[in-house]
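Okay, thanks for coming, everyone. I have a two-chain thing to walk you through, so let me put it up and then we can go chain by chain.

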Amino acid sequence: MNAAAPFDVERIRKDFPILSRELPGGRPLVYLDSGNSSQKPTQVIETMREHLAQHYGNVGRALHVLGSESTDAYEGARDKIAAFIGAPSRDEVIFTKNASEGLNLVAYAFGNPVNTDERFKLGPGDEIVISEMEHHSNIVPWQLLAQRTGATLRWFPVTDEGRLDISGLDDLVNERTKIVSIVHQSNVLGTVNSVSPILARVREVGALMMLDCSQSVPHQPIDVTELGVDFVAFTGHKMVGPSGIGVLWGRKELLDAMPPFLGGGEMIEAVWMDHSTYAPVPHKFEAGTPPIVEAVGLGAAVDYLTSIGMEEIKQHEKELTGYALEALQEIPGLRIIGPRTVVARGGTVSFTLEGIHPHDVGQILDDVYGIAVRVGHHCARPLHLRFGIPATTRASFYLYNTTAEIDALVRGLHHVQKVFG
Amino acid sequence: MYQELILEHYKHPQGRGLREPFDAEVHHVNPTCGDEVTMRVKVGDGGKVLDVSYDGQGCSISQAAASVLHELATGSTVHESLSVVDEFTRLMQGRGQVEPDEDVLGDAVAFAGVAKFPARVKCALLAWMAYKDALVRSQA
């Protein structure tokens with residue numbers, strides 16, 4: 001599909017049935033929480049419904065018509081996703097439950113006695129590098145790995161502006177480093193990290209690099225070959241697809257070298273009572289019946305996003321973000337946590353309101369105006385500690401949001417201030 | 001939900017700040033939102049609650065609930081105040097279906113609306129659960 005029609009947000013909104021529902025009390029819905037989870041277009045909902053109603057069977061193992069149609073749809077979704085992210089091979093696209101599983105899967109390959117590949121050897125004296133702006137899903141798996149192996153966990157700090165501080169890059173990433181795993185776009189700050197300077201150093205020292213692209217794949221064109229890293233994880237539900245499905249992309253020769261993460265059905269080649277041999281990738285990492293309908297739904301989601309155009313979506317969000325940053329900064333007592341310009345940042349804007357707790361902000365926005373934002377630490381507690389705050393209010397935008405919704409947010413925030421004034 | 005009385009207590013918390021002397025101190029956290037409270041109790045002869053002092057951070061509901069608790073518990077007895085805690089807990093866990101006993105609850109009846117918001121019930125209960133815990137420890 002080619003992006004032909006000009007970007008028309010009103011037309012796009014019609015594709016998302018939920019956006020025209022009314023909340024109790026007749027309030028319209030203003031959905032500014034897509035960084036948490038995005039809404040789904042009819043095209044995705046109908047593809048999933050159609051699959052369940054007409055084609056559903058187990059994949060890879062059923063010989064009948066339904067099994068074959070289901071397998072075609074499931075594997076077809078893999079092809080679509082491979083094309084969407086520019087993967088050199090479809091076999092490099094592994095379906096997971098979510099981004100967390102992808103990150104855990106890669107972490108599990110390190111310091112694992114059954115993995116004899118030199119690049120994955122990890123023990124005391126070796127180092128893992130993450131950053132202070134990570135989601136818990138890109139912190140905890142590496143903490144667990146460090147605890148299992150005795151390796152040292154290190155991290156890039158974050159500047160006051162909300163950028164990755166890479167001034168200590170050469171010290172932080174050194175000959176002891178085995179893996180660097182950082183977020184591509186922060187789920188709190190909106191910051192889009194520049195990959196190439198870090199990757200250059202990673203290559204210099206012979207380490208591997210992983211990117212958490214949960215917040216970037218949905219919002220900008222991503223080409224994994226251009227990024228040049230070794231692993232990329234993202235999740236379906238933030239990119240107009242269903243929940244329960246995520247993707248791990250990895251370079252094939254690395255995936256081939258890695259041990260299975262979960263054992264079970266369909267991940268094997270042959271099984272004896274005392275040992276097994278494994279299926280080639282991607283199936284080596286897809287034990288058990290996978291989320292079939294969800295994978296098919298994710299395929300429909302990338303078709304949908306492609307039909308709109310990722311470059312167009314990025315541009316639309318950039319306009320919304322610029323508009324929001326300007327409007328929000330005019331509110332007295334509002335402090336934006338993250339970059340205050342649209343340069344190298346996406347459409348996620350977190351902030352505090354002086355003297356008012358985010359939970360109260362979120363509650364009143366929802367109760368009075370039907371505005372859905374996220375409040376709390378957004379699964380990035382260390383980042384909030386870094387800024388000396390317990391929580392923030394976060395508005396996150398997507399292709400279906402409008403400047404009128406940002407106006408509503410600003411009106412809502414003025415009202416919140418009046419209540420607590 | 002945001003009754004005038006709740007906002008009043010939030011803006012002008014009563015009895016806030018940790019004081020000496022005390023019999024027990026507890027620290028309770030609501031991990032889902034990061035609200036926290038540190039609470040001290042001092043119990044005198046005849047089970048009289050001489051002081052309930054506290055400090056914490058969090059949303060208006062959690063902080064106002066601590067302030068109202070201070071007013072209700074200080075000067076009453078352990079026994080009386082625990083029955084208020086029980087009634088308050090019953091109200092909060094009643095999903096908005098429980099008719100509150102105003103005679104028992106006093107100002108705490110203002111929190112009745114919070115019970116309709118399951119995500120916020122823990123905010124209202126934070127200080128009250130901490131108080132109950134502190135009393136148990138003070139008697140130990």
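**Chain A, then chain B, then where they meet**

So, half of chain A is inside: buried residues make up 50% of its 421 residues. Buried here means 20 or more other C-beta atoms within 10 Å of the residue's own, exposed means 12 or fewer, partly exposed is in between, and the C-beta atoms are placed from the backbone. Before I go on, this is a predicted model, where local features need pLDDT of at least 70 and side-chain atom pairs count only at pLDDT 80 or more, while totals for chains, interfaces and linings use all residues. Residues are numbered from 1 along each chain as its sequence is written, and chains are lettered from A and ligands numbered from 1 in the order in which they are written.

Overall shape next. The C-alpha trace of chain A spans about 70 × 55 × 35 Å along its principal axes. Its radius of gyration is 22 Å, which agrees with the value near 22 Å for a compact globule of 421 residues. That radius is taken over C-alpha atoms, and the globule rule is 2.2 Å times the number of residues to the power 0.38. There are 14 helices and 17 strands in chain A; helices (H or I, at least four residues) and strands (E, at least two) are DSSP runs, numbered from the N terminus.

On annotation, UniProt has an unreviewed entry that puts "domain: Aminotransferase class V" at residues 30-409 of chain A. Its positions are in the numbering used here, feature names are shortened, and annotations may be inferred rather than shown by experiment. That stretch of chain A is 37% helix and 17% strand, with its end C-alpha atoms 8 Å apart.

The domain assignment, automatic or from a database, cuts chain A another way: domain 1 is 9-36 + 309-420 and domain 2 is 47-306. Their centres, over C-alpha atoms, are 28 Å apart. How many residues touch across the boundary? 24 from domain 1 of chain A are in contact with 23 from domain 2 of chain A, contact meaning C-beta atoms, placed from the backbone, within 7 Å. On the domain 1 side, H11(A) gives the largest share, five residues.

Two helices of chain A I'd like you to look at. H4(A), residues 99-109, has 11 of its 11 residues buried. Those buried residues pack against helix H5 (140-149) and four strands of chain A, S4 (93-96), S8 (208-212), S9 (231-235) and S10 (246-250). Just after H4(A) comes Gly111(A), with a positive phi of about 60 degrees.

The other is H10(A), residues 292-308: it has 17 residues and reaches 25 Å from first C-alpha to last, close to the 24 Å expected at 1.5 Å a residue. The expected span is 1.5 Å times one less than the number of residues. With 14 of its 17 residues buried, H10(A) is largely enclosed by the rest of the structure. It is followed by Gly309(A), whose phi is positive, near 105 degrees.

For the backbone-geometry people: Val281(A) and Pro282(A) are joined by a cis peptide bond, omega about 5 degrees. Pro282(A) sits in the loop between strand S12 (276-278) and H10 of chain A. Glu266(A) has a positive phi near 70 degrees without being a glycine, and it counts as partly exposed, with 16 C-beta neighbours inside 10 Å.

Right, chain B. The pattern along the sequence is α-β-β-β-α-α-α-α. Its radius of gyration is 14 Å, close to the 14 Å that the globule rule gives for 140 residues, so chain B is as compact as a globular protein of that length. Of those 140 residues, 40% count as buried. There's a cis bond here too, from Glu20(B) to Pro21(B), omega near -5 degrees. Arg95(B) is a non-glycine with a positive phi, about 50 degrees, and it is exposed, with 11 other C-beta atoms within 10 Å.

Finally, where do the chains meet? The contact takes 11 residues from chain A and 11 residues from chain B. On the chain A side, helices H12 (358-369) and H14 (403-420) each give two or more residues, and H12(A) has the largest share, four.

Notes: Two residues are in contact if their C-beta atoms, placed from the backbone, lie within 7 Å.
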